[in-house]
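Work through the exercises below with the model open. Try each task before reading its solution.

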Amino acid sequence: MANQAFNRTPQSERLHIALFGRRNAGKSSLINALTGQQVALVSDVPGTTTDPVAKSMEILPLGPCVIIDTAGYDDSGKVGDLRTERTRQVIKQTDIAILVSDGSSLDEEAAWARQLKQANVPYMAVLNKVDLMGEVPPTLLAAMAHQLGCDVIPVSALQGSGLDLLRRTLAGLIPDSDKQSLTGRLAHAGDVVLLVMPQDPQAPKGRLILPQVQTLRDLMDKRCVAICCTTDDIDRTLASLREPPRLIITDSQVFDIVEQKKPTESQLTSFSVLMAAHKGEIGYFVESAAAIERLNEQSHVLIAEACTHAPLAEDIGREKIPRMLRQRVGQGLTVDIVAGKDFPEDLTGYDLVIHCGGCMFNRRFMLQRVDQCRRQGVPMTNYGITIAHIKGILNKVSLP
Ligand SMILES: Nc1nc2c(ncn2[C@@H]2O[C@H](COP(=O)(O)OP(=O)(O)OP(=O)(O)O)[C@@H](O)[C@H]2O)c(=O)[nH]1
Ligand SMILES: [Mg+2]
């Protein structure tokens, strides 16, 4: 089981597609139709789906996705309102939204379309249950498209019609930032790239950690020549190359050693910088790291961690970073810690937000937090960039 899990694309790296619509519109049926499996519970009782349900699956031509089924947004009453609020929260992690309608409640769909637009989520709509409608008048589709401000595809979840066009339309909505590579402009086809990866006792036995695997895959997709070695083999590896590598990527822990040994022509970056760029907004993270210099004993720092696991003995967010900061600033520094999806709406009381790498969250979710900080004028950076700043590495790395 464990091996299987390692071989799968992690949830946080999958495109998140969420379905929104009234109760009984056919959201769950559409998920079953798209996957060809009975993954979601369907019934003619309105309110069958009560909570957001996320399922990982492969959808061609989109690749690995997470599909999120939601409770109908027209539910009312005390519990209904709570369900609708949960549905609304799903928007934060949605890369692409599908509005599911049977054509009877377009004002409501239009209101959700506005919310999606406001949150910058690309969306499309389907007119479901066309099997009940005979010929669909093209004027109805055009009017829907106009009112909702998006493409509208006629489908029947029951009969499985219209699904190819739906999949192609979804593929056209994949945000460009999702297509960007991990190493960005640092590596191009034909480049030789050296990865210096310490395999110390903390490294997991028998495998590489995810950022290393993802970087290797990225380089191979780009047709780079990727060479790997451990820290103590740098000299030998460099000597074996006819010319210096274009780029060297290493771990923050051994950055100084690698920096001293690197040929002047080679650019140098770290896995945590690549991951920060992949998951968040590297420019804002780097700019915000400068706020560390302005902290004093009256300052308030918020540390936000994605994992809700029981803290480890030498937890980087709970122990290491607060200690590093207090050593610089003084013991009076206030550090608050939040975990999981808890993140205060109002951040204006904080001088700096330091987020974990976000390996459990998708990029969309992280960007939405960056956006929230930026709107409130609060600097936000992440663990990797904070440590790089404190160690004085940040001005020596090349940014992707
Ligand atoms: N005729 C027809 N019926 C459909 C179609 N899609 C869904 N239905 C029916 O509509 C009813 C509701 O379907 P669901 O998929 O449970 O709808 P839902 O949007 O998930 O509903 P909630 O979970 O209650 O929000 C079921 O009886 C389905 O069989 C369709 O394309 N054509
Ligand atoms: Mg449902």
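The exercises go from the ligands to the domains and then to single residues.

This is a predicted model, where local features need pLDDT of at least 70, side-chain atom pairs count only at pLDDT 80 or more, and totals for chains, interfaces and linings use all residues. Residues are numbered from 1 along each chain as its sequence is written, chains are lettered from A and ligands numbered from 1 in the order in which they are written, and side-chain values use heavy atoms, with hydrogens and water left out.

**Exercise 1. Describe the shell around ligand 1.**

Step 1: Count the neighbours. A residue is near if one of its heavy atoms lies within 4 Å. 24 residues surround ligand 1. The closest are Lys-27, Ser-29, Gly-47, Thr-49 and Asp-131.

Step 2: Sort the shell by type. It holds 7 nonpolar, 11 polar and 6 charged residues. Here Ala, Val, Leu, Ile, Met, Phe, Trp, Tyr, Cys and Pro count as nonpolar, Asp, Glu, Lys and Arg as charged, and the others, Gly among them, as polar.

Step 3: Look at the ligand's oxygen atoms. A polar side-chain atom of Ser-28 lies 2.9 Å from an oxygen atom of ligand 1. For a polar backbone atom of Ala-157, the distance to an oxygen atom of the ligand is 2.9 Å. An N or O atom in the side chain of Ser-156 is 3.4 Å from an oxygen atom of ligand 1.

Step 4: Check the cover. On its own, ligand 1 has 650 Å² of accessible area, and the protein covers 90% of that. The areas come from the Shrake-Rupley method with a 1.4 Å probe.

**Exercise 2. Which protein donors does the magnesium ion (ligand 2) have?**

Step 1: Find the donors, meaning N, O and S atoms within 2.8 Å of the metal (3.2 Å for Na, K and Ca). They are Ser-28 (OG) and Thr-49 (OG1), 2.0 to 2.1 Å from the ion. Water is not among the atoms, so the site may look incomplete.

Step 2: Place them on the chain. Ser-28 is in helix H2 (residues 27-35), while Thr-49 is in the loop between H2 and strand E2 (53-59). They are 21 residues apart. Helices (H or I, at least four residues) and strands (E, at least two) are DSSP runs, numbered from the N terminus.

Step 3: Decide whether they are buried (under 20% relative accessible area), exposed (over 50%) or partly exposed (in between), with a 1.4 Å probe and protein chains only. Ser-28 is buried because its relative accessibility is 8%. Thr-49 is buried too, at 14%.

**Exercise 3. Where are the domains?**

Step 1: Read the bounds, which come from an automatic or database domain assignment. Domain 1 is 10-178, domain 2 is 184-274 and domain 3 is 289-396.

Step 2: Take the centres over C-alpha atoms. Those of domain 1 and domain 2 are separated by 42 Å.

**Exercise 4. Is Gln-38 buried or exposed?**

Step 1: Locate Gln-38 in the loop between H2 and E2.

Step 2: Use the relative accessible area. Gln-38 is exposed because the value is 71%.

Step 3: Find its partner. The side chains of Gln-38 and Asn-32 make a polar contact (3.5 Å). Such a contact is a pair of N or O atoms within 3.5 Å; within protein, one must be able to donate a hydrogen and the other to accept it, and residues adjacent in sequence count only if both atoms are side-chain atoms.
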